[in-house]
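This report describes a single protein chain for readers who have its sequence and coordinates at hand. It proceeds from the aromatic residues to the strands, and then to individual positions and the chain as a whole.

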Amino acid sequence: MAGNQLNGAYYGPSIPPPQQKPRRHRNDDGCGFCSCLCGCFRGCCGCIFNCILSIICKILTTIIIIIVILGFLFWLIVRPNVVNFTVTDASLTQFNFTNNNTLHYDLAVNITIRNPNRRVGIYYDNIETLAFYKDVRFGSQTLGQFFQHHKNTSFLNPNFKGQQVVPLSSKQLSEFEKEKNDGVFDINVKLLLNVRFKLGLFKSGKAKPKVHCDLKIPLKSSNGTLVGNGFQATDCDWDYKWKLFH
């Protein structure tokens with residue numbers, strides 16, 4: 001009975017043919033290989049980059065540590081100190097304007113340079129002194145070169161004498177008249193230095209620091225007496241860009 005049922009006609013839905021597996025083309029195999037190769041290459045590049053970056057960081061860290069250690073040893077051995085500039089005296093015997101804005105001046109300044117360092121000497125290869133009034137230069141003088149030993153005090157005596165056209169605004173002229181009545185003038189003296197430093201047998205390269213001295217200088221009358229109070233010794237300041245020792 002069962003055999004007859006199986007050999008009889010079948011009236012159900014048609015049976016779909018069996019699906020064939022898709023064939024792999026050569027291009028698919030190539031893409032898979034390239035993808036694998038590219039992935040390996042990216043992995044290797046990333047590893048190499050990380051290694052190089054790690055080595056660079058270690059080298060930079062080592063260099064910084066060495067510089068810090070050497071700097072500390074230098075400070076410990078040398079113990080550098082600031083070189084001090086002081087205007088101990090200033091004499092102003094002439095300081096007046098004519099109608100054509102010409103300033104007639106006669107100024108003498110005494111400056112002391114104190115080198116407090118125990119092991120550092122200083123070569124002053126060139127010293128240019130400049131005198132300013134209301135930010136306008138009216139005089140200059142170049143001084144001779146010399147060597148300053150450690151723990152030593154040296155003296156400079158620049159003199160500014162002559163006449164110079166100094167254009168002033170109306171406000172500056174009124175300030176000049178006020179200072180003239182008070183008998184004390186605000187004058188700025190600057191020093192442009194060309195120096196080298198000596199530590200034992202070692203000599204440094206040239207440096208060009210600047211020093212400025214803001215002075216209040218009393219005017220002396222024709223008989224030599226002061227119109228205002230006497231001059232007060234004034235410490236000078238290093239230009240902040242050239243603090244050689246700090």
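## Aromatic pairs

Across the whole structure, which is a predicted model, a search finds twelve aromatic pairs. One of them joins Phe85 and Trp238 in an edge-to-face arrangement, with 5.5 Å from centre to centre and 90° between the planes. This pair links distant parts of the chain, since Phe85 belongs to strand 1 (residues 84-97) and Trp238 to strand 12 (residues 237-238), 153 residues apart. Phe85 and Trp238 are both buried.

Ring pairs also connect Phe95, Phe97, Tyr105, Tyr133, Phe138, Phe176 and Phe185 into a cluster. Two further rings have a basic side chain over the face. Lys190 lies over the face of Phe132, 4.9 Å from the ring centre, and Arg196 lies over the face of Tyr123, at 4.6 Å from the ring centre.

## Strand 2 and its enclosure

Is strand 2 enclosed by the rest of the structure or not, and on what grounds can this be stated? Ten of the 14 residues of strand 2 (residues 102-115) are buried, and the strand is therefore largely enclosed by the rest of the structure.

The pairing of strand 2 involves several other strands. Strand 2 pairs with strand 1 in the antiparallel sense over twelve bridges. Strand 7 (residues 159-165) is also an antiparallel partner of strand 2, over seven bridges. Strand 6 (residues 152-156) likewise runs antiparallel to strand 2, and five bridges join the two.

Individual residues can be placed within these pairings. Tyr105, a member of the aromatic cluster, has Gly162 in strand 7 as a bridge partner. For Ile111, the bridge partner in strand 6 is Leu156.

## Strand 1 and the hairpin

The pairing of strand 1 with strand 2 can be followed at particular positions. Asn84 stands opposite Arg114 in strand 2, while Asn96 has His104 in strand 2 as its bridge partner. Strand 1 and strand 2 form a hairpin with four residues between the strands, and in this hairpin Asn101 takes a positive phi near 60°.

Strand 1 has a further antiparallel connection, to strand 11 (residues 234-235), through two bridges. Here Val87 stands opposite Thr234 in strand 11. The aromatic pair of Phe85 and Trp238 likewise involves strand 1, linking it to strand 12.

## Pro116 in the loop after strand 2

Pro116 is located in the loop between strand 2 and strand 3 (120-133). Is this loop residue buried or exposed? The relative accessibility of Pro116 is 18%, and because the limit for a buried residue is under 20%, Pro116 counts as buried.

Beyond its neighbours within four places in sequence, Pro116 is in contact with Asn81, Val82, Val83 and Lys151. For one of these residues, Asn81, the separation from Pro116 is 35 residues in sequence and 6.4 Å in space, C-alpha to C-alpha.

## Glu179 in helix 3

Glu179 lies in helix 3 (residues 170-182). Why does Glu179 count as buried? Its relative accessible area is 8%, and Glu179 is buried because the limit is under 20%.

A polar atom of the Glu179 side chain lies 3.4 Å from the backbone nitrogen of Asp186. When neighbours within four places in sequence are left aside, Glu179 is in contact with Tyr133, Lys134, Val184, Phe185 and Asp186. Of these contacts, Tyr133 and Phe185 are also members of the aromatic cluster.

## The chain as a whole

The chain contains three helices and twelve strands. Of its 246 residues, 30% count as buried. The exposed area of the chain is about 17,100 Å², of which carbon and sulfur atoms supply 58%.

How are the contacts of the chain distributed along the sequence? Among contacts between residues at least 6 apart in sequence, 71% join residues at least 24 apart. The pair of Phe85 and Trp238, 153 residues apart, and the contact of Pro116 with Asn81, 35 residues apart, are examples of such links.

Terms used: Residues numbered from 1 in each chain as written. Predicted model: local features only at pLDDT ≥ 70, side-chain atom pairs only at ≥ 80, totals over all residues. Heavy atoms only, no water. Buried < 20%, exposed > 50% of the residue type's maximum accessible area, 1.4 Å probe, protein only. Contact = heavy atoms within 4.5 Å. Areas by Shrake-Rupley, 256 points an atom, 1.4 Å probe, with all protein chains shown as cover. Polar contact = N/O pair within 3.5 Å; in protein donor to acceptor, adjacent residues only side chain to side chain. Phe/Tyr/Trp six-rings, centres within 6.5 Å; stacked < 30°, edge-to-face > 60°. Lys NZ or Arg CZ within 6 Å of the ring centre and 35° of its normal. Pairing = 2+ DSSP bridges.
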